[in-house]
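I wanted a look at how the chains meet and where the aromatic rings pair up. Here are my notes, kept short for the bench.

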Amino acid sequence: MTDTPRPLLEVENMNVCFRMQSGDVEAVRNMSFTLGRERLGIVGESGSGKSQTGRAILGLTPPPGTMTADRLVFDGIDLLRASRRKLRDIRGKRIAMVMQDPKYSLNPIMTIGAQIVEAYQAHNRAGAKESRDHALAMLEAVRIHDPQRVYDLYPHEVSGGMGQRAMIAMMLVTNPDLLIADEPTSALDVTVQAEVLRILDELVSERGMGLIFISHDLPLVSSFCNRVLVMYAGKVLEEVDACNLDNAKHPYTRGLYRCLPSLKCDVKPLPVLQRDPQWAA
Amino acid sequence: MSDSSSYTTAGMRWLAFRRLVTAIVKTAAVAVITLFGLTVFTFSIARYVPTDPVLAVVGDKASQATYDRVYKEMGLDKPMYVQFATYASRLATGDFGKSRFTQNQVFDDLKRVFPATFELATIGTLIGVLLGIPLGVLAAVRRGTWVDQLSRVIGLIGYSVPIFWLGLMGLLIFYAYLDWLPGPGRLDIAYQYTFESETGLVLFDAARTGQWDVFFDACRHILLPAALLGYFSMAYISRMTRSFMLNELSQEYITTARVKGLSEARIIWRHALRNAFVPLITVVALSYGSLLEGSVLTEMVFAWPGLGQYLTSSLMNTDMDAALGATLLVGIVFLFINLLSDVLYRVYDPRTR
């Protein structure tokens with residue numbers, strides 16, 4: 001843990017609530033954490049509120065959802081009181097987010113190059129030539145061997161792994177301080193997952209960014225991050241050091257860990273997580 | 001970043017272009033087949049409806065000998081396929097037969113009435129698109145607010161109020177009471193006999209020859225009927241735009257655009273609407289097609305000498321050649337519009353290339 005005098009992001013008592021006709025759904029409850037220029041993993045199962053946490057930080061809780069918090073401060077800027085304009089400035093320029101599936105998260109009728117240029121020009125006064133050069137350099141940085149060609153392709157013309165690398169390029173072209181990666185490899189083939197992760201890993205280290213890595217893959221998160229928040233039913237059950245995951249205290253975390261199949265010893269049947277209603281309380 | 005890579009891109013684009021051309025040729029082939037079916041259809045109508053084409057020519061007081069002679073002259077004694085071949089080859093040379101009612105060649109009649117409908121339908125569609133799309137976008141973006149409600153009411157009126165009633169009310173208010181606009185017709189009576197329209201498109205010819213007084217008079221005349229058609233087309237287009245926009249705005253790439261810190265205006269107009277255009281092309285084309293077919297009621301109310309009126313009156317007078325010629329034209333127009341929307345769609349959406 002690298003503690004800086006001023007943390008990059010402070011979240012205190014954040015709640016995300018969706019008012020539905022069938023009643024309120026509390027997607028995130030009493031979430032608090034502090035982040036430096038480090039890697040924080042958020043794990044949890046589907047619907048545990050991990051993705052909504054990422055969106056809420058960016059102020060992108062989709063309607064009819066609302067986000068409230070006692071404190072939400074990014075690098076000294078109070079995001080709760082910031083104007084829409086200020087928030088827009090921060091989005092993309094200082095905080096960026098890589099989403100799950102490039103098939104849906106890229107605009108289908110814009111070329112990949114145009115989408116990267118758009119991200120760059122949204123925050124930099126730059127001409128066509130300069131923006132293009134930046135986009136091409138960024139495509140090269142995510143290990144696309146033929147940036148000139150990929151620049152002019154449409155999202156449906158590239159593979160999932162290539163699309164996700166383009167997405168990473170688009171989000172990092174403005175050199176943000178914090179990257180939220182929302183299950184960046186879940187939609188990809190297992191064979192390309194590792195490669196995309198390695199690229200992400202390198203770029204985050206190189207640029208000294210803070211990273212919030214959202215995933216349901218506990219071992220992956222523990223190998224990738226410094227600290228891990230374990231979420232369940234919208235609440236943080238516990239915070240553990242990634243290297244210490246084996247010694248997690250909470251029965252949910254331990255249960256999850258035990259459910260993982262192992263190549264070394266054959267466990268039959270695999271243990272099933274015994275849920276305690278108390279956890280969600 | 002080598003030359004070879006850009007060559008590959010060019011190669012890929014060339015392949016895409018060839019695919020596009022192939023697709024267009026295929027679509028055109030389908031169009032030709034459809035056209036053939038259409039002529040078979042109109043031919044069959046002419047032969048199998050219970051009106052006697054011979055009687056229509058000779059009248060019911062003619063002798064049996066006259067009747068038989070004309071029957072032979074019209075080739076009705078020949079086998080059906082010979083009759084069809086004759087019919088098709090006549091159509092191919094632009095011979096649609098002669099209208100009994102107007103005593104003109106049907107082809108010349110159509111050349112006269114279709115431009116009137118074309119002018120009206122085009123301006124109506126322009127109004128519908130220019131107002132309907134922004135209204136639909138606003139309704140989607142401000143979903144559930146008064147803008148959305150207003151667009152819903154406008155749409156509802158457009159669907160449910162009869163067009164002739166709105167037309168008559170429009171004439172009553174703007175012509176009879178307020179006297180802001182001229183009455184029915186395409187041109188003022190003063191110009192009707194002095195202005196010679198070469199193409200039949202009065203607005204176009206007047207502007208082309210620089211006769212601005214005629215042009216403005218024609219504008220004043222077309223305003224009310226075009227606004228009326230535009231209103232109905234707007235009602236439809238705005239509802240469709242709203243639903244397409246709601247669909248696009250819920251897509252993940254919109255969240256991406258927000259994450260990038262783009263302005264809301266750019267997200268709505270550049271990202272969501274451009275994607276919504278893909279299905280909108282078909283909607284606008286169909287709406288345009290239905291207006292080009294001639295809106296009978298509007299043309300009646302506004303004494304607009306267009307295709308709808310021509311078709312209706314020839315049907316009323318059992319003027320078979322005229323009715324079939326007009327039907328054929330409607331079919332051809334629809335075919336053409338479909339072809340056009342298909343091509344536009346392919347050019348616009350990279351995924352279909």
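The entries below cover the interface first and the aromatic rings after that.

**Entry 1: the interface**

I began by reminding myself that this is a predicted model. I looked up the contacts and found 36 residues of chain A touching 25 residues of chain B. Next I asked how much area the two chains bury between them. The value came out at about 2700 Å², with 62% of it on carbon and sulfur atoms. I then checked which residues of chain A give the most: R88(A), I109(A) and E118(A) together supply 22% of the area that chain A buries against chain B, more than any other three residues.

**Entry 2: charges and polar contacts**

How many salt bridges cross the interface of chain A and chain B? I noted three. For one salt bridge I wrote down the partners, R55(A) and E252(B), whose closest N and O atoms are 3.0 Å apart. For polar contacts I got 12 residue pairs between chain A and chain B, counting pairs with both residues at pLDDT 80 or more.

I also wanted to know which elements of chain A make up the side that touches chain B. Elements that each supply at least two residues include the strand β7 (95-98) and the helices α2 (84-93), α4 (112-121), α5 (128-141) and α7 (160-172). Sorted by class, this side of chain A has 20 nonpolar, seven polar and nine charged residues.

**Entry 3: aromatic rings**

I moved on to the rings and counted 14 aromatic pairs over all chains. I picked W14(B) and F17(B), a stacked pair at 5.7 Å centre to centre with 25 degrees between the planes. Both residues sit in helix α1 (residues 3-48) of chain B, three residues apart, which is about one turn of the helix. F17(B) is partly exposed, at 44% relative accessibility.

Then I turned to F277(B) and Y348(B). Why is this pair edge-to-face? The planes stand at 85 degrees, which is over 60, so the pair counts as edge-to-face; the ring centres are 6.2 Å apart. F277(B) belongs to helix α12 (residues 264-292) and Y348(B) to helix α15 (residues 320-348), so the pair ties together parts of chain B that are 71 residues apart in sequence. I checked exposure too: F277(B) is partly exposed at 30% relative accessible area, and Y348(B) is partly exposed at 28%.

My last note is on a cluster: F36(B), F43(B), F84(B) and Y87(B) form one aromatic cluster.

Key: Residues are numbered from 1 along each chain as its sequence is written. Chains are lettered from A and ligands numbered from 1 in the order in which they are written. This is a predicted model: local features need pLDDT of at least 70, side-chain atom pairs count only at pLDDT 80 or more; totals for chains, interfaces and linings use all residues. Side-chain values use heavy atoms; hydrogens and water are left out. Contact means heavy atoms within 4.5 Å. Buried area is the accessible area (1.4 Å probe) that two parts lose on being put together, summed over both. A salt bridge is a side-chain nitrogen of Lys or Arg within 4 Å of a carboxyl oxygen of Asp or Glu. A polar contact is a pair of N or O atoms within 3.5 Å; within protein, one must be able to donate a hydrogen and the other to accept it, and residues adjacent in sequence count only if both atoms are side-chain atoms. Helices (H or I, at least four residues) and strands (E, at least two) are DSSP runs, numbered from the N terminus. Ala, Val, Leu, Ile, Met, Phe, Trp, Tyr, Cys and Pro count as nonpolar, Asp, Glu, Lys and Arg as charged, and the others, Gly among them, as polar. Rings of Phe, Tyr and Trp (its six-membered ring) pair if their centres lie within 6.5 Å; planes under 30 degrees apart count as stacked, over 60 as edge-to-face and the rest as tilted. Buried means under 20% relative accessible area, exposed over 50%, partly exposed in between (1.4 Å probe, protein chains only).
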